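Colleague: Please choose one chain and take me through it slowly, with each term explained where it first comes up. I would then like a shorter look at its partner.

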Amino acid sequence: MSQPTAVIHPLWVRVCHWINALAMAGMVFSGWRIYNASPLFPFSFPSSLTLGGWLGGALQWHFAMMWVLGINGLIYCTLGVVTGRFARTFFPISVKGLLKDMSLALRGKLQHADLSHYNMVQKLAYLLAILTGVMLVLSGLVIWKSVQFPLLRELFGGYDTARYIHFFCMSFIVAFVVIHLLMVLLVPKTLLAMLRGR
Amino acid sequence: MKKPTFLSSRDAEYLVKDAEKSVNAQRRNFLKQGLTLGGIMLLTGCDLSDNASVETALLRMSRFNDRVQGFLFSDRHLAPEYAESDITRPFPFNAFYDRDQIPQIDGRDYQLAIRGLVRDTRSWSLPELYRMQQVNQITRHICVEGWSAIGRWGGIPFHHFLQVIGADTRAKYISFRCADDYYTSIDMATALHPQTLLALTWDNQILPPEYGYPMKLRIPTKLGYKNPKHIQVIEITNRFPGGYWEDQGYNWFGGS
């Protein structure tokens with residue numbers, strides 16, 4: 001009988017991760033349909049990649065999924081801080097270590113043999129993804145309720161600027177997810193770990 | 001008296017055809033859903049959106065969001081006001097129809113009808129409205145599509161008008177019916193917001209036809225589709241009135 005290995009991702013991390021994956025997908029694909037109604041740049045997203053069928057439907061999806069995303073994100077961040085998991089897994093980050101791991105990564109030599117330990121590039125990427133998620137929620141609040149949150153509105157440079165910030169944060173998250181999925185393909189046991197914990 | 005038969009042969013034929021159609025539709029749906037399971041995994045959605053129970057759940061969430069927004073709304077928070085140089089020129093025309101269908105209204109015949117929970121239901125002529133207290137605002141008009149434009153509107157503070165007609169401000173809704181067959185409704189808190197105007201002018205001119213002559217409701221705390229143009233009837237009511245876009249799925253509160 002094989003020795004049971006230690007849990008890498010506790011249950012709450014896995015549950016939050018998969019709820020977040022669904023909620024993010026819902027937000028991004030409905031968001032693309034909303035974007036198409038009045039594009040910020042000279043391109044639109046292919047309708048077949050969007051959720052909601054029309055602007056009204058996409059808005060309904062967006063404003064329903066936002067509760068799932070927001071509440072799940074709040075639980076995840078709270079537990080991450082309270083249990084010390086964030087401090088343990090994402091820190092310390094040093095510029096020197098980051099440069100070293102970055103150069104290893106670019107030469108294709110960065111290892112992820114020990115799943116319980118993140119290299120510096122991973123630490124930074126996960127931290128930035130969480131921060132960008134927070135920025136997405138806040139800039140979204142400014143777009144949705146620009147009158148009721150005057151301080152947030154000013155911090156994000158007003159309604160129009162908040163739309164751009166919302167878009168760029170989405171772009172970052174999508175880029176993160178693409179790389180994230182490529183890495184899972186390279187190291188498939190990470191998918192198992194996110195499913196069964198070990 | 002002729003004895004009614006249960007089904008004429010022709011009715012029976014139609015009935016069978018209908019049944020076949022519905023069976024086929026179910027089969028098609030089943031195939032469609034089966035084939036797009038991968039699609040659902042990718043959340044590409046159109047099939048999800050066609051599902052009636054999903055639609056019901058989304059509508060329920062939208063109504064829940066109405067309540068949340070009503071709770072968040074405070075009439076102490078004002079929409080930002082801008083300088084004259086910020087005004088968007090030319091200001092966009094936007095409606096559910098083209099320019100050639102803008103209603104042409106003769107101001108001499110115009111009467112604003114008042115209905116519902118008010119003390120005084122008499123109608124208002126345009127000169128009477130022009131003689132009432134007027135204020136100006138330069139605010140941002142935000143469309144549900146995402147774009148926005150800054151304009152200057154002038155008119156009667158709506159809370160003042162409601163007071164003059166003796167509206168029951170404990171009522172839940174104000175509904176608007178317009179000359180272009182548009183209709184919408186708003187919550188009482190927004191109606192009483194200090195920046196909500198019965199707008200009679202745009203950029204210091206009499207409100208042009210494309211922006212809602214002779215009168216529109218200007219609500220800088222709400223999206224464009226909650227700013228009805230060419231208003232003919234205002235009704236104070238407790239019965240949920242819905243709206244042209246809202247009945248098709250846009251969020252009813254629709255504001256910030």
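Modeller: The answer below follows the strands of one chain, then its loops, and then turns to the partner.

This is a predicted model, in which local features need pLDDT of at least 70 and side-chain atom pairs count only at pLDDT 80 or more, while totals for chains, interfaces and linings use all residues. Residues are numbered from 1 along each chain as its sequence is written, and chains are lettered from A and ligands numbered from 1 in the order in which they are written.

Let us begin with the strands of chain B. Helices (H or I, at least four residues) and strands (E, at least two) are taken as DSSP runs and numbered from the N terminus, and two strands pair if DSSP finds at least two bridges between them. Chain B has an open sheet of 5 strands with mixed pairing, in the order β2-β1-β10-β5-β6. At its edges stand β2 (124-125) and β6 of chain B, and each has a single partner strand, so one side of each lacks a neighbour in the sheet. The strand next to β6(B) in that order is β5(B), and the two run antiparallel, joined by 5 bridges. Across this pair, B:F176 stands opposite B:T184 of β6(B).

A further pair is formed by β3(B) and β4(B), where β4 covers residues 148-157; they run antiparallel and are joined by 8 bridges. B:R140 has B:I150 in β4(B) as its bridge partner. The two strands make a hairpin with 5 residues between them, and in that turn B:G146 has a positive phi of about 120°.

Now to the loops. It helps to know that most residues other than glycine have a negative phi, and that most peptide bonds are trans. B:D181, which is not a glycine, has a positive phi near 70°, and its place is the loop between β5 (173-178) and β6 (183-187) of chain B. A residue is buried if 20 or more other C-beta atoms, placed from the backbone, lie within 10 Å of its own, exposed if 12 or fewer, and partly exposed in between. With 11 other C-beta atoms within 10 Å, B:D181 is exposed. B:H230, in the loop between β9 and β10 (231-237) of chain B, also has a positive phi, of about 50°, although it is not a glycine; having 25 C-beta neighbours inside 10 Å, B:H230 counts as buried.

Two peptide bonds in chain B deserve a look as well. The bond joining B:R89 and B:P90 is cis, with omega about -5°, and B:P90 lies in the loop between α4 (52-72) and β1 (111-116) of chain B. The bond from B:Y213 to B:P214 is cis too, with omega near 5°, and B:P214 lies in the loop between β8 (205-206) and β9 (216-218) of chain B.

Chain B meets chain A through 28 residues of chain B and 29 residues of chain A, where two residues are in contact if their C-beta atoms, placed from the backbone, lie within 7 Å. On the side of chain B, the elements that give two or more residues are α3 (46-50), α4 and β3 (135-142), and α4(B) gives the largest share, 5 residues. That side divides into 12 nonpolar, 14 polar and 2 charged residues; Ala, Val, Leu, Ile, Met, Phe, Trp, Tyr, Cys and Pro count as nonpolar, Asp, Glu, Lys and Arg as charged, and the others, Gly among them, as polar.

The partner, chain A, has 8 helices and 0 strands, and 27% of its 198 residues count as buried. In chain A, helix α4 (residues 95-106) and helix α5 (residues 120-144) have axes that come within 7 Å and cross at roughly 100°. Axes are lines fitted to C-alpha atoms, for helices over the stretch in contact, with angles from 0 to 180 degrees between N-to-C directions. The crossing makes α4(A) roughly perpendicular to α5(A), since angles under 35 degrees count as roughly parallel, over 145 as roughly antiparallel, 65 to 115 as roughly perpendicular and the rest as oblique. Among the residues making this contact are A:L98 and A:M102 of α4(A) and A:V121 and A:L124 of α5(A). By class, the contact of these helices has 6 nonpolar, 1 polar and 1 charged residues.

Finally, of the 8 residues of helix α8 (residues 189-196) of chain A, the number buried is 0, so the helix lies largely in the open. Just after α8(A), A:G197 takes a positive phi of about 95°.
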